[in-house]
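Student: Could you take me through one part of this structure slowly? I would like to see how a pair of helices sits together, and then what lies around it.

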Amino acid sequence: MSAATEPQTSPASLSTAPPGSLHTAPPHPRRVLDWRLRFAGLSLVWGFSFLLIKVGTNGYAPFQVTFGRLLFGTLVLAVAIVWKRDRLPRGARTWGHLAVSALLLNALPFSLFAYSELTIPSTLAGICNATSPLWGMALSLVALSEDRPTRRRVAGLGIGFLGVLTVLGAWQGFHGLDAAGTTMALLASLSYPIGWIYIRRTLAGSSHSNLSLTGAQLLLATAQLAVVTPLFTTLPTHFPLIPLLAIIALGTLGTGLALLIQYGLVAEVGPTTAQMVTYFIPVIATAAGVAILGESLAWSTPVGAVIVLAGAALTQSRPTKPTRPLSPKP
């Protein structure tokens, strides 16, 4: 995202009816590009984000990579806000909630992924990102009363976390695995659904547009990193070009433009279809890491990734007939 990771890092992804202007928008005019092409483009951009993070950390500290990513992403959304003659939200309460969501959905997970890729391959980071739907379902069963535990969802959680153990090589005692880096990547993936649930409880009914809310959210995340980065890093004495270009691409394409594409997809085809991009990201991240960065790939990584995605898809699916909850009725 989101992207990620990468995906679903904005208020637009928190409810089946996005808040703000998209909720009551009139039928959309004919798009220049078919939604399938934009869906494919979004998958590629977010899938390559993990490669760009790896390249960026080759020349800059992780906090600097995250700060640059947020800064350039915010600039893209600022241009879009001016172009659409939108405005930033008002009210201290709204900005307070956005500050929390900026931490949980942007500043914290982006930084954790950047630090994790100092010691783990971009392929593994991309697969860890795919566990977000699993964490989200597990948390929502506890935190959201409308998400009731069904057999289908519980089975999906079990299958998904079995896939995680397969990716990590649990039967080998996690041999050769960098525990700190992998833990940070998994914590980054956990941070996303915590942020989604927080926004769902606080800002899902906001009258502000999705563009306005996310522009403010990225602005606050950029401000947070502007404070933190100088405390833990020193100003670079030189600026390696390739890593710098990777950070610029990560911010403008993987954060700013990607969110704008996501808005259009959610408005045109609905959040359920738009969020299917989540299942393509680890595939692209793995292919990019192996083909471009030359990262090694054990058989357990793609096999485990398939199991993770299958479990995640099962937790997000909806049965055609009402399913009786696992807990007995009172």
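Tutor: Helices α2 and α8 run roughly antiparallel to each other in this predicted model, because the angle between them is about 155° and anything over 145 degrees counts as roughly antiparallel. To find them, look for residues 62-83, which make up α2, and residues 210-232, which make up α8. Their axes are 8 Å apart, and the crossing they make is left-handed. Sorted by class, the residues in the contact of α2 with α8 are 15 nonpolar and 9 polar, with no charged ones.

Now stay with α2 for a moment and look across to helix α9. Gly-73 has its C-alpha atom 9.2 Å from that of Ala-249, although 176 residues separate the two along the chain. Ala-249 belongs to helix α9. With a relative accessible area of 19%, Ala-249 is buried, since the cut-off for buried is under 20%. Apart from its neighbours within four places in sequence, Ala-249 is in contact with Leu-52 and Gly-254.

Helix α9 covers residues 241-269, and Glu-268 is also part of it. The side chain of Glu-268 meets that of Arg-38 in a salt bridge, at 2.5 Å from N to O. Arg-38 sits in helix α1, residues 35-57, so this pair ties together parts that are 230 residues apart in sequence. The two partners are not equally covered: Glu-268 is partly exposed, at 33% relative accessible area, whereas Arg-38 is buried, at 12%.

How many salt bridges does a search of the whole structure find? The count is 2. Besides the pair just described, Arg-36 forms one with Asp-34, and here the closest N and O atoms are 3.1 Å apart. Arg-36 counts as exposed, at 51% relative accessibility, because the cut-off for exposed is over 50%. Its partner Asp-34 is partly exposed, with a relative accessible area of 36%.

For a last stop, try helix α4, residues 122-129, where you will find Thr-123. Thr-123 is buried, with a relative accessible area of 3%. Leaving out neighbours within four places in sequence, its contacts are Ala-285, Thr-286, Gly-289, Val-290 and Glu-295.

Key. Residues are numbered from 1 along each chain as its sequence is written. This is a predicted model: local features need pLDDT of at least 70, side-chain atom pairs count only at pLDDT 80 or more; totals for chains, interfaces and linings use all residues. Side-chain values use heavy atoms; hydrogens and water are left out. Axes are lines fitted to C-alpha atoms, for helices over the stretch in contact, and angles run from 0 to 180 degrees between N-to-C directions. Helices (H or I, at least four residues) and strands (E, at least two) are DSSP runs, numbered from the N terminus. Angles under 35 degrees count as roughly parallel, over 145 as roughly antiparallel, 65 to 115 as roughly perpendicular and the rest as oblique. A crossing is left-handed if the near helix is turned anticlockwise from the far one by less than a right angle, and right-handed if clockwise. Ala, Val, Leu, Ile, Met, Phe, Trp, Tyr, Cys and Pro count as nonpolar, Asp, Glu, Lys and Arg as charged, and the others, Gly among them, as polar. Buried means under 20% relative accessible area, exposed over 50%, partly exposed in between (1.4 Å probe, protein chains only). Contact means heavy atoms within 4.5 Å. A salt bridge is a side-chain nitrogen of Lys or Arg within 4 Å of a carboxyl oxygen of Asp or Glu.
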